[in-house]
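Student: I would like to take a close look at a single part of this structure and then follow the chain outward from there. Could you guide me through it slowly?

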Amino acid sequence: MKNSHHQRLGLPNLGLGVGLRNQHFAYLMRNDPQVDWFEIISENFIDNFGFARHVLERMASIRPIVMHGVSLSIGSTDPLDWNYLQSLKTLADFVQPRWISDHLCWTGVANVNTHDLLPLPLTEESLGHVVQRVRQVQDYLERPLILENPSTYLEFKESTLNEWEFLSELVNETGCGLLLDVNNVYVSSHNHGFDPEHYIRSLPHASIVQLHIAGPTDCGQYLVDTHDQPVPARVWRLYKLAQELTGGVSTLLEWDANIPDFPDLVLELRKAETVIQGVIPDAPLHQTVAQLVSNPVDFQLVSA
Ligand SMILES: [Fe+2]
C-alpha cells in the first residue's frame with residue numbers, strides 16, 4: 001500500500017490513513033490497524049491523559065501519526081494564541097508526528113471561538129498578514145506548517161486573488177506545505193462556480209504533502225462537507241488527478257459522523273488504490289432536503 005520514494009519538504013508518502021476516533025479505540029487495541037497511518041485532531045488529545053492518551057501512545061508506537069488542528073486561526077486578526085501553540089508543541093514532543101497541519105481560515109476574533117472554520121478575504125493585505133503568522137508558527141514549532149484549503153460557502157467581494165493563487169503565494173513566501181482536501185475543492189467549486197480541476201492543476205504540486213478525501217452532502221443550493229458519506233465518484237476523479245499531479249502523496253479518508261465500523265472504513269479507504277489504477281467507484285453524491293440548510297455556515301464541521 002505504501003509508496004515512499006517521493007519526498008516533499010522532506011516529508012514521506014505515508015500511504016493510506018484514517019482519523020483516530022474514539023469509536024474505534026476498543027477495536028484498535030485488540031486488532032491490527034489495517035491502515036498505514038493515523039491523523040489525530042490535536043485538540044482531542046491536548047490535556048487529555050485518560051484512555052485516549054493510552055490509545056494514542058499505542059498507535060504511535062506502531063504507526064506514523066500526523067497532528068491535524070482546528071484552533072490555530074492563522075487568518076485571524078487576534079494575536080497568535082501562544083498557550084495553544086505551547087500545548088501543540090508539548091503534544092508533538094509526545095507524539096513525534098510526521099507533520100502538523102491546520103486550516104487556511106480564522107475561527108473567531110476578539111477571543112471568541114466560533115468553532116467554525118471561516119474563510120478569509122483573499123487579498124494582498126490578508127496574504128501578507130497570513131505569511132507573517134505562518135513564519136512565526138513555523139519558527140516556534142521548528143517545522144513546516146501544513147495548511148489545508150477550507151470548504152467555503154461564501155466569498156468576500158473584496159477578494160482579489162483566487163484561492164489557488166493565495167495558496168501558491170503563501171507557499172512561495174513561507175515554505176509551508178499544503179494539505180489538499182479534494183472534497184473541499186469540490187464543495188467550494190460547486191458553491192462558487194469555479195472549475196475544480198483548474199484549481200487542482202494550478203497549485204504548487206511539489207508542496208502538497210497530504211490529501212483529504214470525504215463524502216459531502218448535496219443540500220440543494222449548497223454542498224456541505226458533512227464527512228458522513230462514502231466518497232462520491234466526482235471526488236474520486238479529483239483525487240486521481242491530484243495523485244497524478246503530485247506523483248503520489250499521503251491520503252487520508254475523513255469520516256466524522258455516522259462513523260462506520262473500522263473494517264468498513266478500511267474498505268472505503270482502500271478504494272483509493274483502485275482509483276489510482278483508473279477504476280472509479282460508482283458512488284452517487286448524497287442528497288438531503290434543501291430546507292435543512294438555511295444558514296450553511298452553521299453546518300460546517302469543526303473537524304473539516
Ligand atoms: Fe479536510
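Student: With which residue does Asp256 form a salt bridge, and how far apart are the closest N and O atoms?

Tutor: Please keep in mind throughout that this is a predicted model. In it, Asp256 forms a salt bridge with Arg21, and the closest N and O atoms of the two are 2.9 Å apart. Asp256 lies in the loop between strand S12 (250–253) and helix H9 (262–276), while Arg21 lies in the loop between strand S3 (16–19) and helix H1 (25–30), so the pair ties together parts that are 235 residues apart in sequence. Both partners are hidden from the surface, for Asp256 is buried and Arg21 is buried as well.

The strands that come before these two loops are themselves joined. S3 and S12 run parallel and are connected by three bridges, and one place to find this pairing is Gly17, whose bridge partner in S12 is Leu252. S3 also pairs with strand S4 (residues 37–41), again in the parallel sense and over three bridges, with Gly19 standing opposite Glu39 in S4. To get from S3 to S4 the chain passes through H1, and this β-α-β crossover is right-handed.

On the other side of the Asp256 loop comes H9, and Pro263 lies in that helix. Pro263 counts as partly exposed, because its relative accessibility is 34%. Pro263 and Val35 are 228 residues apart in sequence, yet their C-alpha atoms are 10.0 Å apart in space.

The salt bridge we began with is one of seven that a search of the whole structure finds, and two others make a useful comparison. Lys89 forms a salt bridge with Glu142, where the closest N and O atoms are 3.2 Å apart. This pair, too, links distant parts of the chain, with Lys89 in helix H3 (residues 82–95) and Glu142 in the loop between helix H4 (124–141) and S7, 53 residues apart. As for their surroundings, Lys89 counts as partly exposed because its relative accessibility is 22%, whereas Glu142 is exposed, with a relative accessible area of 63%. The other example is the salt bridge between Arg201 and Glu197, whose closest N and O atoms are 3.7 Å apart. Here both residues lie in helix H7 (residues 196–202), four residues apart, which is about one turn of the helix. Arg201 is partly exposed at 48% relative accessibility, and Glu197 is likewise partly exposed, with a relative accessible area of 37%.

From S12 we can also look toward the iron ion. Its protein donors are Glu148 (OE), Asp181 (OD), His212 (ND1) and Glu254 (OE), which lie 2.0 to 2.4 Å from it. Along the sequence these donor residues follow the spacing E-x32-D-x30-H-x41-E. Glu148 lies in strand S7 (residues 145–148) and His212 in strand S9 (residues 208–213), so this pair ties together parts that are 64 residues apart in sequence. Glu148 and His212 are both buried. The angles among the four donor atoms run from 83 to 171 degrees, and the site is irregular.

Another donor, Asp181, belongs to strand S8 (residues 177–181), and five of the five residues of S8 are buried, so the strand is largely enclosed by the rest of the structure. Gly177, Leu179 and Asp181 point one way from S8, while Leu178 and Leu180 point the other way, and all of them are buried. S8 has pairing partners that also carry donors of the iron ion, for S7 and S8 pair in the parallel sense over three bridges, and S8 and S9 pair in the parallel sense over four bridges. In the pairing with S7, the bridge partner of Ile146 in S8 is Gly177, and in the pairing with S9, Leu180 stands opposite Leu211. S7, helix H5 (residues 163–174) and S8 together make a right-handed β-α-β unit.

Key. Residues numbered from 1 in each chain as written. Predicted model: local features only at pLDDT ≥ 70, side-chain atom pairs only at ≥ 80, totals over all residues. Heavy atoms only, no water. Donors = N, O, S within 2.8 Å, 3.2 Å for Na, K, Ca; no water. Tetrahedral: all angles 85-135°; square planar, octahedral: opposite > 155°, others 65-115°. Helix = DSSP H or I, 4+ residues; strand = E, 2+ residues; numbered from the N terminus. Buried < 20%, exposed > 50% of the residue type's maximum accessible area, 1.4 Å probe, protein only. Salt bridge = Lys/Arg side-chain N within 4 Å of Asp/Glu carboxyl O. Pairing = 2+ DSSP bridges. Right-handed = clockwise from strand over helix to strand, strands pointing away.
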